[in-house]
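Work through the two exercises below with the sequence and the structure open. Try each task before reading its solution.

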Amino acid sequence: MNKSEQLINEDSKYFAKPGRIKYYPLAISHGYGATLVDVEGKTYIDLLSSASSQNVGHAPKQVTDAIKAQVDQFIHYTPAYMYHEPLVKLAKKICEIAPGSYEKRVLFGLSGSDANDGIVKLARAYTGRPYIISFINAYHGSTYGSLSMSAISLNMRKHYGPMLPGFYHIPFPDNYRGMFEHQNPNTIEEYLAPLKEMFEKYVPADEVACIMIETIQGDGGLLEPVDGYFETLQDLCQTHGILLAVDDIQQGLGRTGYWSSVSHYNIEPDLITFGKSLAGGLPMSAIVGRSEIMDYLDAPAHLFTTGANPVSCEAALATISMIEDQNLLQASTDKGHYVRKRLNQWPEKYKSVGNVRGKGLSIGIDIVSDKIKKVRDPEAALKICNCCYDNGVVIIAVAGNVLRFQPPLVITYDQLDTALNVLEAAIQDFETGKLDNYDIAGQGW
Ligand SMILES: Cc1ncc(COP(=O)(O)O)c(C=O)c1O
């Protein structure tokens, strides 16, 4: 047994099943930039960025130095009772970089999940309304509030229901497939019809607190909306006094080329959540929004003992500085264009590539068994991922069949070329039957 096998064997004895969606047996030793090194010493190009939580890459000196310096000062004192400078500096910085022309406030947490729970509390309290609407295939997190907003996997619902009351889900305005896997995308009006029917028959619009969106539905398959949908939805929200919230936990902080993915659309949400890459991968999330909503509740309505700990705050400040200093927002856009120049040819070139989509370095490659009918091919996607892994590239599939192309923003052009060569060869190998014997049992979402 090699080191990886030993570690994974040990892992299975102590780490419980619900905590990991299995892909291939990558046991990580360390990383730098967009490179990962496994416990055997083999290197990989990372196209997953630890689920978009390593936008500034692995172990960047600017961030590790900031963490080390803060650890020597004090590791934590809870903001639930006292004050510290790293929190103040970070809250101010987040207010500056977040979109929205209004006066803002910030609340901190430890995970994307708890930030989205905070949205539920704030929206319900401020509006005095009970209902929350989100999208089918959304992933907002793993705690009961964020889970109740999610609608992506029965494994996130089975055996421990009921979810929180008062949550409804509507179709995401996918611009590749239509509702119910229909071949063609629907129109804005068609996508909004279920919501309008809801408002007419069983959910009074003036009792809805908030509609929560992911601008690009991440784990749902990197789905992009049909043009103009979010703007129309915002109008509808304004008509009915409903708050608009954006979960920018996966798409924020440079992933799509802006601080917030909201900047791609003509909308101004009332509340936004950030997480994942915010503190370079240390546990941290933030809710930022209109001051009158954020300040509405009194303490201790939303606080966490170890929230906004100064080590995470300093890591976040260094992460944000690094994005500024290295112009990583522009890098995301430029590298995204570079990758897309090549990827955009693949739907014509390969029968298994149905669609390529996304913004900046948040790209989805939709693997299909029938391009006309857009039939998903999760097996093919997993085989391609496994082949990439064997050849030194880390990539996974979401929504079963969509390759998730989200490298650290610091990835080099050479690495992008190598990764694309490996990925293209894997697709060719799949199409020529060379991956037929890959064992993908038990893998994937
Ligand atoms: C869009 C989105 N929201 C929320 C979350 C949950 O974040 P966390 O796992 O930090 O709780 C995720 C995680 O994948 C996500 O992609």
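The exercises concern a predicted model and take up its ligand site, then its domains.

**Exercise 1. The ligand site**

Task: Describe the shell of residues around the ligand, and find polar contacts that protein atoms make with the ligand.

Solution:
1. Begin with the shell: the ligand is surrounded by 13 residues, and the closest are Gly112, Ser113, Asp247, Gln250 and Lys276.
2. Sort the shell by residue class, which gives 7 polar, 4 charged and 2 nonpolar residues.
3. Ask which element supplies the largest share of the shell: helix 5 (residues 112-127), with 3 residues.
4. Apply the cut-off of 3.5 Å between N or O atoms for a polar contact. Asp247 places a polar side-chain atom 2.6 Å from a nitrogen atom of the ligand. From Gly112, a backbone N or O atom lies 2.9 Å from a ligand oxygen atom. For Tyr139, a backbone N or O atom is 3.3 Å from a ligand nitrogen atom.
5. Finish with the area: the ligand taken alone exposes 390 Å², of which the protein buries 83%.

**Exercise 2. The two domains**

Task: Locate the domains in the chain and describe how they meet.

Solution:
1. Read the bounds from the domain assignment: domain 1 covers 3-59 + 327-431, and domain 2 covers 74-325.
2. Take the C-alpha centres of domain 1 and domain 2, which lie 25 Å apart.
3. Count the residues in contact: 39 in domain 1 with 35 in domain 2.
4. Evaluate the buried area: domain 1 and domain 2 bury about 2900 Å² between them, with 49% of it on carbon and sulfur atoms.
5. Look at the domain 1 side, where Leu329, Lys359 and Lys374 lose the most area to domain 2, together 25% of what that side buries.

How values were computed
Residues numbered from 1 in each chain as written. Predicted model: local features only at pLDDT ≥ 70, side-chain atom pairs only at ≥ 80, totals over all residues. Heavy atoms only, no water. Near = heavy atom within 4 Å. Polar contact = N/O pair within 3.5 Å; in protein donor to acceptor, adjacent residues only side chain to side chain. Areas by Shrake-Rupley, 256 points an atom, 1.4 Å probe, with all protein chains shown as cover. Helix = DSSP H or I, 4+ residues; strand = E, 2+ residues; numbered from the N terminus. Nonpolar A, V, L, I, M, F, W, Y, C, P; charged D, E, K, R; others polar. Domains from an automatic or database assignment. Contact = heavy atoms within 4.5 Å. Buried area = accessible area lost by both parts, 1.4 Å probe.
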